[in-house]
Amino acid sequence: MLMAMTNTLLQASPPATGAGRRHLALSFENFLAAALEENAPRRPKDIGQLRDGLFMAAQAAIETGFRDPAFSVERLARELTVSETTLRDTFKRMGTAPRREIERRRLAEANQLEAIETLTVTERAARAGFSSAQQLARALARTPRQR
């Protein structure tokens, strides 16, 4: 079955968009990893490496998608072709949560944009991926101030 799917993918036309190509590549990578894991002897180290890979892929996806206010944990899981539970468990093992990492990246962007004095708070919030200035303010209130 794996060989048949691989041949089908190699013979098919690639998706027209970059997002489509990325989604296809990640889907195939996850499918291949699952097939290999299914046939490999169970060792906790291997499972940890897969989770580390998923965490790194998630961080990369957050980096490219955080500016979109519609970017969410649900969308992140869909892009990585894993369940939200798997995604949350992976982030939990790393001491964080996917929602927290998306918000952390948006806050970092908002802080960088603060140096541009011509931007209003609403514009800064929108550029950083927040749906409103109020959402930015709530995120800032949840974050401990660094001195």
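Student: Quick one to start: is E101 buried or exposed?

Tutor: In this predicted model, E101 is buried, because its relative accessible area is 10%, and the cut-off for buried is under 20%.

Student: Okay, and which residue forms a salt bridge with E101?

Tutor: That partner is R104, and the closest N and O atoms of the R104 and E101 pair are 2.9 Å apart. R104 is partly exposed, with a relative accessible area of 41%, whereas E101 is buried.

Student: Where do R104 and E101 lie?

Tutor: Both belong to helix α6, which covers residues 98-113, and they sit three residues apart, which is about one turn of the helix. As a general point, an α-helix has 3.6 residues a turn, so residues three or four places apart point the same way.

Student: Which residue does E103 meet in a salt bridge?

Tutor: The side chain of E103 meets that of R142, with an N to O distance of 2.3 Å. This pair links distant parts of the chain, since E103 is in helix α6 and R142 is in helix α8 (residues 133-142), 39 residues apart. E103 is itself buried, at a relative accessible area of 14%.

Student: Switching helices, what does E84 form with R88?

Tutor: E84 and R88 form a salt bridge whose closest N and O atoms are 3.3 Å apart. The two are four residues apart in helix α5 (residues 84-93), so about one helical turn separates them. E84 counts as partly exposed at 29% relative accessibility, and R88 also counts as partly exposed, at 41%.

Student: Which residues of α5 are buried, then?

Tutor: The buried residues of α5 are L87, T90 and F91. Seen down the helix axis, they fall within an arc of 95 degrees, so they line one face of α5.

Student: And what's exposed on the other side of α5?

Tutor: There you will find T85, K92 and R93, which are exposed on the other side of the helix.

Student: What does G95 take just after α5?

Tutor: Just after the helix, G95 takes a positive phi, with a value of about 85 degrees.

Student: Back to salt bridges: how many are there by the count?

Tutor: The count comes to 10 salt bridges. Beyond the pairs we have discussed, E63, R67, R105 and E109 are linked with one another in a network of salt bridges.

Conventions: Residues numbered from 1 in each chain as written. Predicted model: local features only at pLDDT ≥ 70, side-chain atom pairs only at ≥ 80, totals over all residues. Heavy atoms only, no water. Salt bridge = Lys/Arg side-chain N within 4 Å of Asp/Glu carboxyl O. Buried < 20%, exposed > 50% of the residue type's maximum accessible area, 1.4 Å probe, protein only. Arc of directions from axis to C-beta.
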